[in-house]
Every structure is written in C-alpha cells, then in structure tokens.
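Biologist: Could you walk me through how to read a few features of a protein model? I am happy to start with packed helices.

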Amino acid sequence: MEIFSDKFLNCLSEQYGDSFYLLDSEVFEKNYVDLQAAFMRYYPYFNIAYSYKTNYIPKLVKIVDRYNGFAEVVSDLEMDIALNSRVKYERIIWNGPIKDKLRVEELLINGGTVNIDSIEEFEYIKEIAAKYKDKTICVGIRCNYMVGDGVLSRFGIDVESSEFDSILRTISECENIKLVSFQSHFAKRSPEYWNARAEGMIKIYNYSKSKYGIIPERLDLGGGIYGPMPEMLREQLGVTETCYEDYACRAAKVFAGAFQSESDKPMLVIEPGTALAANSMRYVCRVGTIKQVQKKTIATANGSQKNISLLGINPPMEVIHVPTSQHKRYDDLDIAGYTCIESDYLYRGYHGDLGVGDYLVFENCGSYSLVMKPPFIFANVPVIDIGNGKIELIKRAETFEDLFSTYVF
Ligand SMILES: Cc1ncc(COP(=O)(O)O)c(C=O)c1O
C-alpha cells in the first residue's frame, strides 16, 4: 500500500486515532551514519553524543547506543531514559545548569561524565570526590566563550574568568577528579560559526595543557546543526548551507589541522539533536471544520502548532484527500489548530483543494515537538514507526489516567 495514500492513513487512523506522529527510524539511523561519515572524513577520532531533549523516543536513543554514541542528557529524567534503554553509565554525559545532587553522585561513581556548569556545582562534585576516594570522578567543563554570533550565553564557565582557572587548578591538584572533556554549545545553527567554535575550543585545550598539564580526552562542540530539509523550509528559515558537510568541513577540518600527531589527538564530539531527528518524524492530523470569517477562510484541524513545533513559518505539508471530503479549491486559506490560542495556526495561506476529513501530513516534525507538547487541552498522540517497511506502535496515545493520576481529586 502506498504510504501517503488515504487508504494507508485510514488504516492507521482506524487503529490509532485521527492524529499521530509517523516516525521513520530508518531515516534517523541514516542521518546518524551520514553525519558521522561527514565528520570522520576529515577527523576520524570522532563521536556523536545524541541530545536526548530534542526527541527522546527510546527506539531512537537505542539506535545511538547501538552505534556506540554517547547519551547527552540534561536532567535525571533523561538519565533515566538512558538507563531504561540499557545505556551504560559510562556512555552518559550530563550537561545542563541545574542537576539533582544525588543523581550526579550516582552517575559519577558509576563512571559517567558530568559537565560542570557553575562553581556551586563544582563544590559538590569536590565533596563527592572526597567521599569516594577510591573512585575516579570524570568531569567536563561547559566552556563559555564567544564565537561572533552575537549571543551572550548564560551557560557554563566563562573561560576568561578566575573561576575557570580555579576549577582547573583544583582539578590538577585533586587525585581522583579527572577532567575528561571540555564542552560547549551554541544555539545558532548556521555553519558560519563552526570554525570559531572549533578554534576557540582548541585554544582552551592548549591553555589547559600548557598551564595545568590537564589534557582532556574529548573536545565537545555541542549541537546546533540543521538536518536535511526541503527547499521551501530552507528558504523560509533563510539558510543556504545546511548539509552535514557544511559543518564538518569547518570544525573537523580545523581539528585535523591542529592535531596532526597520532599520539596527541583528543576525540571530537558533537551533540546533534535536530540534525538527526527533525526529518525523521511527520505529524498527521485531519481537517475538522472549514468556515468563512468575513473574507477569510479558516480550516480547523484536530492538531495544533504545539504538535509540530515550527513557529511562524509554513511547514512542508501534504494534503491527502479522502473520498468523502467533497474537497474543493481554496485560495489563501489558513489552517488553525484545536487550541483556544488565537495564534495557533499550523499553516497560513494555503492554495489548493481541501475538504473536511482530509489528512494533513506535516514533514520535519521530529525536533522539539513531542517533547515540548504541553498537556494543554489534549493529551499527546501516538507515535508509529514506519521505518524498515514495518508498522510498529512505539508510543500509545496518552490517556486521562496518564496525565491526572498525579493530581488529588
Ligand atoms: C547542550 C546542548 N547540546 C545539544 C543541543 C541540541 O541542539 P540542536 O537540536 O540544535 O542540535 C542543545 C539544544 O539546546 C543543547 O543545549
């Protein structure tokens, strides 16, 4: 059966309801392999730490683990996703500004890495190191440095501050704290900043090596990479370079130039989320009503902008007609979401045929969608994997009990 036919969607909707995510785990896996190959072509000592927060579907995080990638988590909740997916502690890297102390202790004494984001955090890591003298405590430092993107980041330790030096000095004097990584992340996804990201990081590495004799195993440049996307999305986002090569030829090439001796090569790590997940998921919903308000025609769907995450731009969308919809031609129709938020529109200015009951299939919905959808008005919809020619339910629809068993009635 053709995948994007009314027959196929009817089949799924009879079983799972009128709104659902279609995951293609094969696409996610291909992205992983392609991204890895792009960077390894320039600098083979490379690995990926997948950003769980972007899309933490267990099936996806298990793919990353199968390829020996790291789990990049930012909370104890995300650490539990990793552990429940049988990811070993040593493969977990914990970033983020606020961390649960007991869980940090658990991760550290089991061989995971915690990236220090503040001096307060370093204080309790020192206490953990003092408590477990027989254990090696592996830490990284989230480094705050400028790359010319005009953003003053609130994360990490300012590498030009005395705090940065004081942390390095203490680590160099402490027998069981090992600095395994310097890490950074910059939110802007344009490849133009990736030379500066890499050069800034190498400068920090050289400084730490020469001044404190501390040589980390890994240099982690964080995430902020676009994934494959259709032309219309690229145009609306105003980006020209978005393929993996555009990032690799900057960052990995800089590393290859700086680390030429075989014996002295830190591992280059990146933390992609969007780059792997965005085009691996589609969102499907249906047109519920079509009305006229003054001169404007507005269709309302049983899906919301909150389901697809893209805001202020038109996502790539396909309309699949059903025979009963009596669809007809519209010009400049807006497609609104189910919430009571006035600005909840999934698509503006649609030109084409549409009818009540038609399916709307939105592409590129895999990044910060499912994980950021609030339980506002409706619970979350199921996720169905259509990768590898199979149909597999990997998250059922959320129920009233799922959401409200924590409340006291
Ligand atoms: C520390 C860190 N790493 C990785 C990512 C993933 O970013 P992206 O989805 O842009 O690749 C983020 C996103 O905020 C982040 O904060």
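Biologist: Are helices α7 and α8 parallel, perpendicular or oblique to each other, and why?

Modeller: Let's begin with the general idea. Two packed helices are described by the angle between their axes and the distance between the axes. In this structure, which is a predicted model, helix α7 (residues 162-173) packs against helix α8 (residues 194-212) at an angle of about 50 degrees. Their axes are 11 Å apart. An angle that is neither under 35 degrees nor in the range 65 to 115 nor over 145 counts as oblique, and α7 and α8 are therefore oblique to each other.

Biologist: What is the handedness of the crossing of α7 and α8?

Modeller: The crossing of α7 and α8 is right-handed.

Biologist: Which residues meet where α7 and α8 pack?

Modeller: On the α7 side look for Phe164, Asp165, Leu168, Arg169 and Ser172. They meet Ile204, Tyr207, Ser208, Lys211 and Tyr212 in α8. Sorted by class, the residues of this contact of α7 with α8 are five nonpolar, two polar and three charged.

Biologist: Let me pick one of those. Is Ser208 buried or exposed?

Modeller: Ser208, found in helix α8, has a relative accessibility of 0% and so counts as buried. Leaving aside residues up to four places away in sequence, Ser208 touches Leu168, Phe182, Gly213, Ile214 and Pro216.

Biologist: May I practise on a second pair of helices? At what angle do the axes of α5 and α6 cross?

Modeller: The axes of helix α5 (residues 101-109) and helix α6 (residues 119-131) cross at roughly 50 degrees and come within 11 Å. That makes α5 oblique to α6. The crossing in which α5 passes α6 is right-handed.

Biologist: Which residues of α5 and α6 meet?

Modeller: From α5 come Lys101, Val104, Glu105, Leu108 and Ile109, and from α6 come Tyr124, Ile125, Ile128 and Lys131. By class, the contact of α5 with α6 has six nonpolar and three charged residues, with no polar ones.

Biologist: Let's turn to charged side chains. How many salt bridges does a search of the whole structure find?

Modeller: The search finds 22 salt bridges. One of them joins the side chains of Arg66 and Glu29, at 3.4 Å from N to O. Arg66 lies in helix α3 (residues 58-66) and Glu29 in helix α2 (residues 25-40), so this pair ties together parts that are 37 residues apart in sequence.

Biologist: Which partner is buried and which is exposed, Arg66 or Glu29?

Modeller: Arg66 is exposed, with a relative accessible area of 55%. Glu29, at 19% relative accessibility, counts as buried, because buried means under 20%.

Biologist: What does Lys59 pair with?

Modeller: The side chain of Lys59 meets that of Glu392 in a salt bridge of 2.7 Å, N to O. This pair links distant parts of the chain, with Glu392 in strand β18 (residues 392-395) and Lys59 in helix α3, 333 residues apart. Both count as partly exposed: Glu392 has 36% relative accessibility, and Lys59 has 25%.

Biologist: And how far apart, N to O, are Asp331 and Arg329 in their salt bridge?

Modeller: The side chains of Asp331 and Arg329 meet at 2.7 Å, N to O. Asp331 is partly exposed, with a relative accessible area of 48%, whereas Arg329 is exposed, at 52%. Salt bridges can also share partners, and such bridges join Lys296, Asp332, Asp334 and Arg348 into one network.

Biologist: One more feature, please: residues far apart in sequence. How far apart in space are Asn31 and Gly227?

Modeller: Asn31 and Gly227 are 8.0 Å apart, C-alpha to C-alpha, while 196 residues separate them in sequence. Asn31 is found in helix α2 and counts as buried, at 4% relative accessibility. Not counting residues up to four places away in sequence, Asn31 touches Pro228, Tyr244, Ala275, Leu276 and Asn279.

Biologist: Which residues does Phe400 touch, with sequence neighbours up to four places away left out?

Modeller: Phe400, placed in helix α13 (residues 400-404), touches Ser405 and Phe409 on that count. Phe400 and Phe378 are 22 residues apart in sequence and 9.4 Å apart in space, C-alpha to C-alpha.

How values were computed: Residues numbered from 1 in each chain as written. Predicted model: local features only at pLDDT ≥ 70, side-chain atom pairs only at ≥ 80, totals over all residues. Heavy atoms only, no water. Salt bridge = Lys/Arg side-chain N within 4 Å of Asp/Glu carboxyl O. Helix = DSSP H or I, 4+ residues; strand = E, 2+ residues; numbered from the N terminus. Buried < 20%, exposed > 50% of the residue type's maximum accessible area, 1.4 Å probe, protein only. Axes fitted to C-alpha atoms, helices over the stretch in contact; angles between N-to-C directions. Left-handed = near helix turned anticlockwise from the far one by under 90°. Contact = heavy atoms within 4.5 Å. Nonpolar A, V, L, I, M, F, W, Y, C, P; charged D, E, K, R; others polar.
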